[in-house]
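Q: I'm new to this one. Could you take me through the inside of it, starting with any enclosed space and then what packs around there?

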Amino acid sequence: MRLLLIGSRAAEIVKMAPKVSVFDLDDLALEHAKRQARAMNLASAPSPAAALEDDPQIVELQGQHYIAKEFKYVANFQPVPLNGSLGQNIQIDSDADFQLINLIGTRDAGGAGAGLNVQITEGGAGGLAWQSAAVNFDNFFGTAQLPFPFGLIPQLMPKKRVYNILLTNTTGANINAQIVFDGYKLFPVNMAAQVGAQPTPAGQ
Amino acid sequence: MINPWKQGRDPSVPMFPPLGAWMSRRKLASAAWVPPHYMRLQLAGAHPFWYQFLPGNLTLQAGETQLLRVTISEDFWQIATLGTASSALAAASGSFRLQIYEDDGEYYHSKYGVNQLNGVSGASEPGLNFFPHFIAAGTAVNCRVQNLDGSNPNTVSVVLWGYSNWWRGLNERPEYGK
C-alpha cells in the first residue's frame, strides 16, 4: 500500500513539473541577467540606464550608456571613370558619434576581378589609411545580406570626422558604385525621448 | 517572447551585434561563439586594417606561380584571409592555390598549398579565424600563388585582414577630431 502511495505521488510530481525545453533558455538567461549585481553607484531610484537595462537599444561603452540608433552613411560614385579614380568623402554628422558595424557596397559587373580598387583614409585625403595598399573592392565590401563585419571589435567614428574613399577603375569602361558605412549613431541615454527610443508607457 | 539580445547570453560578455559574426552560422538556441575575453581584450583600441600582398592584382599566366609579399608595419592580429581572382575556371578547387608563410619559412600557415575556396574568401561572409593570429611588427609575410587555370591568365589579389596596433590611442588625440 505504501509503495502504491509513493508511486502515485511520484506520478503527480511528474505531471506538475514544468516542461522545460531548449527554447526556455532565453527566459532563464533573462532572469539570470536581471539578478546580476547592479553598480553600487546607482541611486535607489532607477536611473535611465537601469530603467532601460533590458532595452536592446542600449549599448555600454567605456562605462557610459548610449542609445544606439541604426544609421547608414552613403557615398555614391556615379561613375568612377574608365582608367581613372574618383574620391568621395563621408563626414560623420555633428549630432552623434557613429559605431561602424558593417561595410557594404555594390558595383557594376565590370568592376569584378581586378577592375575596381579601394583606399580609405581618415581625416581627409592623405590622412591615416585603413590599408597598406589599394585593395580590391570585393575584398573590402560585402552585401546587405552578407555584410563585411568590420566592427568585430567596436570602432568608434567621432562626430564631424571626415573619411575619404578613393575608388580606382582599371577597366576600359565607367563603373558605378555605392558604398555604405552601416552601423549605429550613439546618443546619450538621457536623449532617449528625443531620438524616439522611449517606449510608450503601458496603457497609453 | 524571445529576446534575441538576451538569448543564451553570458552576462560577462558585453552585448554587441557583430560579435555574433565570429560564427558565420549559429544555432537558434545557443550563444554566439566569440574568442575568449582575454583574447578580445588584446584587440582593444586596435583598428581594422587590410594588408595587401604586393604586387596587388597580379596577373598570372596559365599555370604560373609567383611570390607575393607584404611587411607588417605594426603588431597585427589577423582575423581573415581575403582573396579574389578573375579566372572563370569552373573548378571545385577555385582558380588558384596559395601558401602563406612568415619570415622566410619560419612559420607556415599551412602544410601544403591551399586551394582558393579552402583558403580565402571575399568580403561577403568572410571566413573568420576562431582566434586572432598574431603577427609581430616587422614580419615579412610571403604568399606563393599558383594559377590553376592551365589555359588562361588569372589576376589574383590576396589580403590579410585584421586589427593593427598602429592606431592605439590615436582616436583620443585632439588632432584627430575627438
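A: The largest cavity in this predicted model has a volume of about 60 Å³. A cavity here is a set of points on a 1 Å grid over the protein atoms alone where a 1.4 Å probe fits but cannot get out, and lining residues have an atom within 4 Å of a point; points are joined across faces, edges and corners, and the volume is the space filled by probe spheres set on them. Its lining has 10 residues, with Glu122(A), Leu156(A), Met157(A), Tyr163(A) and His47(B) nearest the centre.

Tyr163(A) also turns up in one aromatic cluster, along with Trp130(A), Phe181(A), Trp50(B) and Trp161(B), among others. Those last four are among the residues with the most contacts inside the largest nonpolar core, which has 41 residues. Such a core is a set of buried Ala, Val, Leu, Ile, Met, Phe, Trp, Tyr and Cys residues joined through side-chain atoms within 4.5 Å, buried being under 20% relative accessible area, exposed over 50% and partly exposed in between (1.4 Å probe, protein chains only). There's a second, separate core of 21 residues too, including Leu58(B) and Val141(B).

Over in chain B, Trp77(B) is buried at 8% relative accessible area, while Phe134(B) is partly exposed at 40%.

About the bookkeeping: residues are numbered from 1 along each chain as its sequence is written, chains are lettered from A and ligands numbered from 1 in the order in which they are written. Local features need pLDDT of at least 70, side-chain atom pairs count only at pLDDT 80 or more, totals for chains, interfaces and linings use all residues, and side-chain values use heavy atoms, leaving out hydrogens and water.

How values were computed. On a 1 Å grid over the protein atoms alone, a cavity is a set of points where a 1.4 Å probe fits but cannot get out, and a pocket is an open set with protein on both sides within 12 Å along at least five of seven lines; lining residues have an atom within 4 Å of a point. Rings of Phe, Tyr and Trp (its six-membered ring) pair if their centres lie within 6.5 Å; planes under 30 degrees apart count as stacked, over 60 as edge-to-face and the rest as tilted.
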